[in-house]
Amino acid sequence: MTRPIHVTVNGTARQAEVEPRTLLVDFLRETLGLTGTHVGCDTSQCGACTVHLDGVSVKACTMFAVQADGHAVTTIEGLAPDGALHPLQEGFHEKHGLQCGFCTPGVIMAAADLLARNPNPTEAEIRHALEGNYCRCTGYHNIVQAVQYAAEKMAATAHVGAG
Amino acid sequence: MTDYIGTSVKRVEDRRFITGKGRYTDDLVLPGMTHAVVVRSPHAHARIRSIDTEAARQHPGVVAVLTGRDYQNDGYNPIPTGWQIGPDMKEPPHWPLAIDKVRHVGDGVAMVIAENKTIAQDAAERVSVEYEPLPAVVDMNQALRDDAPRVHDDVPNNRSFVWELGDRDATDQAIETAHHVTTYAFVNQRLIPNAIEPRSAIGHHDDARDELTLYTSSQNPHLIRLLLCAFVMGLPEHKVRVVSPDVGGGFGSKIFHYPEEVLCAWATRRIGRPVKWTAERSESFVTDAQGRDHVSKAEMGLDAEGRVVGLRVRTLANMGAYLSTFAGGIPTWLYGTLLAGQYKTPAVHVQTTGVFTNTVPVDALRGAGRPEATFLLERLMDLAALETDRDPAQLRRMNFIQPDEFPYETPVVLTYDSGNYEATLDKALQMAGYDALRRQQEQARAEGRLLGIGLSSYIEACGIAPSKVAGAIGARAGLYDSGMIRVHPTGKVQVYTGVHSHGQGHETTFAQIVAHELQIPMEDVELVHGDTAQIPFGMGTYGSRSLAVGGSAIYKALEKVLSKARKIAAHKLEAAEEDLDYKDGQFTVKGTDRAVGFGDVALTAYVPHDYPEGLEPGLEENAFYDPKNFTFPFGTHVCLVEVDPDTGQVKILRYVAVDDVGNVINPMIVDGQVHGGIAHGVGQALFEGAVYDEGGQPLTGTFMDYTMPRAEDLPAFE
C-alpha cells in the first residue's frame, strides 16, 4: 500500500512511508508539518504550493511525493538560514509585496527561480515569470517592485563578493 | 520620537508570512482531530428521495456519516440571514445540509468524518443519494414568471423581496420632462470571490469543560459566534469560542456564517473529537457566496445644458438559492443609496427585486453594492456624454456637488459630510495628461488603432456604520466596534480589537495609532484580533470599517488610558493634572524639569503603594464606538487601453488613481488596498464572470475556466 521515499527537504534527509497517491504538498504539510507551502486550488493554476525541486520551481500539488524520491526539495521555510531573510523575503517586506500572505510563499519561490535564471529581469520578464501565481490582494504592483528590490540587492551583494 | 501618523511604516505582520510561519486554519492540527468531507449535490435542483450512508459507514477509518435529518433530529435550526428587507421578505430555511431538496450544485447533503482526509474522500464516494431531478431556473426574468420552477416551494415567483428608495413621482416626472434621456440595459455579471485561501473550519468540543471552540477562516468571529449561539444551535455564548487565525484573503466572502462552520461545531459535539473541514477549490466555486449579478434598466434625464435632472433604476438582484448573511442588504441599502454618486441629481428612484435561482448564494463582494452603483452611474455618464456630444470629464464636472454645499443630503438618504470632487478629477486628468491623451486617441483612430480612455468618479459609503441607521434599514445587528488597551506593568501594551485583519495590515496601522497617542515605540505595542475569548466584542471587518470604526474605538480607549495615567502621574509629581504636559512618553510639570515616564506610571498602576486616593489600580481600558455617520471617500480613476481590432484583446496602457480617503495613517498600506481594488475592478471589466448553463450547472468551476488577472494582465499603477 505505501512506499518508502527518501527526500532531502531544506537540507535535511527525510524518509517516510507514503501512499503512491500522496501529493508532494500533502507530504510536506501533513507528514513533515511544513505548513508554509499552501494549497489554493486543485488544478495547478494558483501557484500557492510552489516549491523548488533540485533548485527548479515546481507546483507541489501537481507532483506525487514518490516523484520526489531521491531529490532535494526546498520550501519557503528553507529559503534562507534560520533567522536570516533571503533578499526576496526582504524585498516583499520593504515593498509591501504581500497583504494576506497566503500566496506569498509560492510567489517568493517562483521569483527565486526566476532570479536564479535571470538575475536582472525587466518588469515585463518579472510579470511573465509570475504568470503561474495568482495574488488576489496586491494587484501585483508591489510584488514586481519586491522582485526588483531583490534583484538589485543580490546584484550588489554578488558584486561585493566578486570585488 | 517617530511621528507614526502618515508614515509608511513597514508591516509588523510580514515576517511570519514571508518565512512560511503564517498560521491559517488548515495549518492547525489538534490531538485526535478527524477530517470531514461534505457530499454535495451534482444537480441544480432535485428532490432527495433517499440517502444511503451504510457503505460509507462501513468503510475502514470512517468515524461518522451525518445527514440533514440527523441535524434536524438533534433539534437545531437553519442558518438565518442577517438583513431584513421589508416586512414581507421571504426567507426560506437554509439548513446546513439539505433536507428535502437540493437547490444548487454544491448544496451539501451529507458529511463524512474519518481518521484522515483521504479516507473521508474515499468514503464520501460511497454515500449513495437518490435524486429526482427537477427543472432548474437560472435566469432571473424567467424565475419571476408564474410558471417558473420554484426554488422554494412556498415562495411564489421566486421573489424574496421588492425594495424601493427615492421619490418615485418626482423621478418619473423629471425623466418625462427631460431634454434628453440616456437609457441603458445593464448586466453586472456574477463574480466568484476566490480568496486564494480556501475556506476552512475546525470544531473542537471539550467534553470535560463543555466548551466548544470553532476555528474558522472568517472576517467576522464574533458575529459567527452570535449567530451560532443565539440562532442556529442555541448554545451558551460563554461556552463557545470562535477563533479566526491568519486568514488568506476574504473580499467579503468570509464575512458570512457558512454551513460548514455549523457542521464542524455540531459534529465535534456528536463524536467527541475535533473535526476539520477544508474546501477544495472546486468546492469553493460552488459554496463560497458569490458577488454582484444584477440585471438593470436605468434612465438618466438631462436638461438642455447637460445637468442631470433625474435617475430611474430598476434592478433584479440574484440571491442564488438561499439568503446568505448580508444578502438582502447588498443590492438595496448598499447600492441604491450610492446612486447619487458625486452628482447633484435632484430626483433618484430605485427599485430592486431580490430573486431566488438555482445557483450558489450571492452576497457581499469587494465593495458590495457600491461598485454596482458606481458602474451603472459612470457608464450612464459616459453614454450621456457621447449622446449629447459632450466631453465625459466636462459632463461630470458640471454636475458635481460643490465643496461649499456640504453637508449634502442626497435624494437617496445619505448625508455626505465633505468632498471636493473637482479637485480629484482635476488631479487625475492632470496626472493622466488627459488633453494630450484625447489628441493621441484621435491620431490613433486615424491610423486604425483603437485607444480608449475610461473615467470613473466615484463615491463610497464606508465605515459601516451607525447602529441606529443599520437597525432602521433592517440589519439584524449593531455596527459599532470595540477596542481595549491593556497596559502591562512594564509599560508594554496589548491592543484588542473587534475587527479582523486578513491582509489589511491592522497589526501595523493600529499599533501606529497607539504608539502615536501614548508616545511610546511601536515595538512596545501588539495587536490581538480574531479570538472571541480574548476580545470583548466586535463586528468584524468589511465595508471599509476597520480603521474608521475599530480604530476609533481604540482611540477612545486610549483617551481613557491617558486620562487615568495623568491622574497617577499628577499624584507622583505632586502636581495638579492640568499642570502636566504629556510629551515624548513623559508627563512633565509645566515649566519645570520634574517628569515621570509612561513606564513608571504603568508600574505604579500595578504596584499602587503610593497612589491617588479612590483610584482603581491597573491600567486597562475598553471602549465601544458607534459612529454618527458613514465616511464618504471619493476620487477619480483614469484608464487608457488599446483594443486589438482583430482579436478584441484589451491591453491596459496606463492606470491613474486619485483617491481622497481622509486621514491616512499608513500611506503604503492604503496604496496597497487601492491596488487590490483596481485589480478586482479590472478583473470584472476584462476577465471574470461566473457562467451557469440553463440547467444550473456551473461552467466556470475551476481556475482553468474562471479567469482572474495575472501579473502580465495588469500595468504598474500610477
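**Exercise 1.** State the mean pLDDT of chain B and the share of its residues that reach 70 or more.

*Solution.* pLDDT is the predictor's confidence in each residue, from 0 to 100. For chain B the mean is 96, and 100% of the residues reach 70 or more. The model is predicted: local features need pLDDT of at least 70, side-chain atom pairs count only at pLDDT 80 or more, and totals for chains, interfaces and linings use all residues. Residues are numbered from 1 along each chain as its sequence is written, while chains are lettered from A and ligands numbered from 1 in the order in which they are written.

**Exercise 2.** Determine whether Gln519(B) is buried, partly exposed or exposed.

*Solution.* Count the other C-beta atoms, placed from the backbone, within 10 Å: 20 or more means buried, 12 or fewer exposed, and anything in between partly exposed. Gln519(B) has 16, so the residue is partly exposed. In space, its C-alpha lies 4.7 Å from that of Gly585(B), although the two are 66 residues apart in sequence.

**Exercise 3.** Classify the packing of H2(A) against H3(A) by angle.

*Solution.* Helices are DSSP runs (H or I, at least four residues), numbered from the N terminus. Helix H2 (residues 87-94) and helix H3 (residues 104-117) of chain A pack at about 130°, with axes 10 Å apart. Axes are lines fitted to C-alpha atoms over the stretch in contact, and angles run from 0 to 180 degrees between N-to-C directions. Angles under 35 degrees are roughly parallel, over 145 roughly antiparallel, 65 to 115 roughly perpendicular and the rest oblique. H2(A) is therefore oblique to H3(A).

Methods
Helix = DSSP H or I, 4+ residues; strand = E, 2+ residues; numbered from the N terminus.
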